[in-house]
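Reader: I should like to go through this structure with you. Could we begin with the overall fold and then turn to details?
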Amino acid sequence: MQKTIEGLVTPFVAIVIAVLIGAVVMLMTGHNPLTAYGALFSGAFGSTVNLSNTMANAIPLILSGLGVAIAFKAGLFNIGAEGQYWIGSMAAVWIGYSVHGLPPILHISLSIIVAMLAAGLWAGIVPGLAKAFVGAHEVITTMMMSYIAIFLSHYMLENGPMMQTGFTPQSPVILPSATLGKIVERTQLSWGLAIAVVACIIVYWLLYKTTLGYRLRAVGLNSRAANYAGINVPFHLVLALFISGMLAGLAGAVQMLGVQHRLYDSFSSGYGFTAIVVALLANNNPFGVILASIFFAALSTGGQSMQLVSGVPAHLTAVISGIIIFLVATKDIVQIQKRWRKRQTLASGKEA
Amino acid sequence: MLWDALTRPDLWAATLAMATPIALPALGGTFSERSGVVNIAMEGIMLIGAFFGVLFSYYTHNAWLGLLGAILMGALISTLFAYVTVNLGADQVIVGMGVNIFAAGLTAFMLNEIFGYGGTPRETPALPNLTIPGISDIPFVGPILGSQNVVVYLMLMLVITSHYFLFHTNLGLRIRSVGENPQAADTAGLNVLRLRYLGVIIGGMLSSLGGVYLALGLLNSFEVNMSGGRGYIALAAMIFGKWTPFGSLGAALLFGFAMALSIVLQGGGVPSNIIQMLPYALTILALTGLVGRSTPPAADGIPYDPNK
């Protein structure tokens with residue numbers, strides 16, 4: 001309990017300070033912070049439609065955020081969730097429009113499983129093996145794989161097999177049997193939300209209630225000690241990236257089957273990058289990931305109404321996100337320094 | 001088709017022009033990482049450079065003052081980055097990510113607040129293109145090297161100076177030594193923290209210049225997220241170039257070539273998107289040791305704690 005409260009303090013303080021800095025910026029540029037934040041809040045949560053859209057935006061963040069968090073737990077920084085999201089999206093859409101004659105439950109499951117496997121392998125094979133066997137830094141390899149994935153999707157949609165002839169490069173629409181139903185009609189909120197919550201529970205269970213999770217965390221805390229304890233470190237590194245990629249791929253699949261229903265040509269979904277911020281703010285806690293995802297989803301849906309109502313550019317929400325990361329990163333340090341100081345006073349006490 | 005493209009001087013001129021905004025931040029990253037600070041913030045610093053370049057250029061009616069102001073802003077945000085990572089020892093990759101998100105938001109916010117939704121004014125002074133007498137008259141070479149934007153020449157000079165600075169001066173040696181073995185450097189009487197600040201700030205100024213080139217060299221305007229991932233590509237170029245100035249330039253030219261070729265070949269038989277993947281794949285191969293092993297400075301990314 002004590003630990004849970006401590007875990008909540010850092011992100012909460014970071015959010016409060018960042019929101020206050022945002023308010024100062026608004027005052028300096030001649031806006032009323034209360035009106036602006038009021039518009040942001042009601043735009044994010046103020047009606048069934050707004051709340052549904054915020055929750056819908058949170059779904060891909062929760063899933064890819066879980067992926068980033070599980071990699072962090074194993075000591076790996078998967079910065080390429082964006083690319084894994086694209087691989088998952090491509091695979092899900094492809095199964096979604098090309099496989100005929102399946103009942104919905106099978107068609108949806110098949111799309112999701114193929115998407116997760118494809119994205120898992122995308123992260124596990126190249127960045128995973130490169131990390132495990134030659135020590136190539138996963139920040140670079142996952143980022144490079146991300147670019148390759150995005151160019152691959154451009155190729156598929158502009159010249160390749162997934163292209164649908166038309167004015168804009170896009171894939172065919174998935175079949176009705178592959179479509180996830182809506183929770184609230186006429187909004188973007190699909191039953192993907194249930195998938196996201198279940199995924200959260202599974203990741204929590206995996207990390208904290210199984211031997212595998214224990215080993216992953218041991219590798220993350222101290223890979224050398226884990227090695228001496230007889231844990232196969234390379235295997236667990238590859239596995240962590242594989243699971244991480246699977247979750248980002250699931251995010252893509254759920255977004256395709258539940259919201260977009262087809263793949264559009266674009267340079268970035270943005271979810272893969274925000275997922276990193278989500279995992280950081282949540283301190284890699286699976287349930288924290290849900291809260292952090294709702295927070296960032298609310299910033300993005302609410303930011304639009306803030307701009308419309310109060311004239312404050314929606315980009316201010318990105319400034320706030322950046323400040324939050326800064327504070328979360330430095331706040332940890334403040335705690336580490338405290339610990340150092342404590343240790344030093346203990347040591348000097350012994351000498352005396 | 002391919003051969004025709006390769007003999008066209010405009011392909012090579014475009015290669016050089018497109019390599020410049022990758023080479024500058026790659027060079028910046030080299031300085032930072034040689035001093036032991038992993039820097040993935042080049043993307044954000046480029047945006048800062050691009051935006052403030054336009055802002056200062058517009059209000060002072062002088063593109064050179066714009067360039068100067070942008071470099072100062074790049075140095076400023078790098079100082080903040082250095083304080084958090086070097087003094088407080090925060091995770092360098094995470095803070096770098098924070099800088100990128102912060103800079104993207106800040107520049108877009110300020111663009112809307114200061115210039116409104118119509119974008120930056122058209123009458124913003126831009127940095128000139130130079131025509132080098134003598135070189136510009138040589139056939140084939142002339143169109144490639146003889147008339148480029150002034151920042152392109154600046155970049156080439158900076159690559160040479162940086163190589164000399166890092167590998168042939170005392171200060172360069174010191175910067176590299178705190179990136180390889182800060183404990184030993186500290187014992188030898190070097191100020192590890194100050195040298196790391198120097199590496200990060202020089203790096204930030206160079207990255208910022210890359211942004212200035214995009215905003216005042218190629219165009220005379222700022223657009224939201226106009227760096228378009230070049231800061232991350234520069235990271236790859238730096239690694240592929242084995243953390244050296246000439247290597248970074250070489251890798252940047254390779255990336256620039258892939259981009260230029262994909263434009264020239266548009267509508268042809270070879271899908272341009274496949275060509276554009278190649279430099280990223282090569283970077284992974286370089287990291288895994290399959291095409292010449294890239295090894296980072298030994299203390300790269302590890303905060304220095306003098307009490308340990």
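Reader: In chain B, what share of the contacts with a separation of 6 or more is between residues 24 or more positions apart?
Author: The model is a predicted one. In chain B, 76% of the contacts with a separation of 6 or more join residues 24 or more positions apart.

Reader: How many helices and strands does chain B have?
Author: Chain B has 13 helices and two strands.

Reader: What radius of gyration does chain B have?
Author: The value is 19 Å, which agrees with a compact globule of 308 residues, for which a radius near 19 Å would be expected. The C-alpha trace of chain B spans about 60 × 50 × 40 Å along its principal axes, and 57% of the 308 residues count as buried.

Reader: Now helix 10 of chain B: what is its reach from first C-alpha to last?
Author: Helix 10 of chain B, residues 192-218, reaches 38 Å, close to the 39 Å expected for its 27 residues at 1.5 Å a residue.

Reader: And where does helix 10 of chain B bend?
Author: The bend is at B:Val212 and is about 30°.

Reader: Why is helix 10 of chain B described as largely enclosed?
Author: Because 23 of its 27 residues are buried, helix 10 of chain B is largely enclosed by the rest of the structure.

Reader: Changing topic, how many residues does each chain bring to the contact?
Author: Chain B contributes 35 residues and chain A contributes 34 residues.

Reader: Which element gives the most on the side of chain B that touches chain A?
Author: Helix 5 of chain B does, with 14 residues. That side of chain B comprises 24 nonpolar, nine polar and two charged residues.

How values were computed
Residues numbered from 1 in each chain as written. Chains lettered and ligands numbered in written order. Predicted model: local features only at pLDDT ≥ 70, side-chain atom pairs only at ≥ 80, totals over all residues. Contact = placed C-beta atoms within 7 Å. Helix = DSSP H or I, 4+ residues; strand = E, 2+ residues; numbered from the N terminus. Nonpolar A, V, L, I, M, F, W, Y, C, P; charged D, E, K, R; others polar. Expected span 1.5 Å × (residues − 1). Bend = angle between axes of the 7 residues up to and from the residue. Buried ≥ 20, exposed ≤ 12 C-beta atoms within 10 Å, placed from the backbone. Rg over C-alpha atoms; globule rule 2.2 N^0.38 Å.
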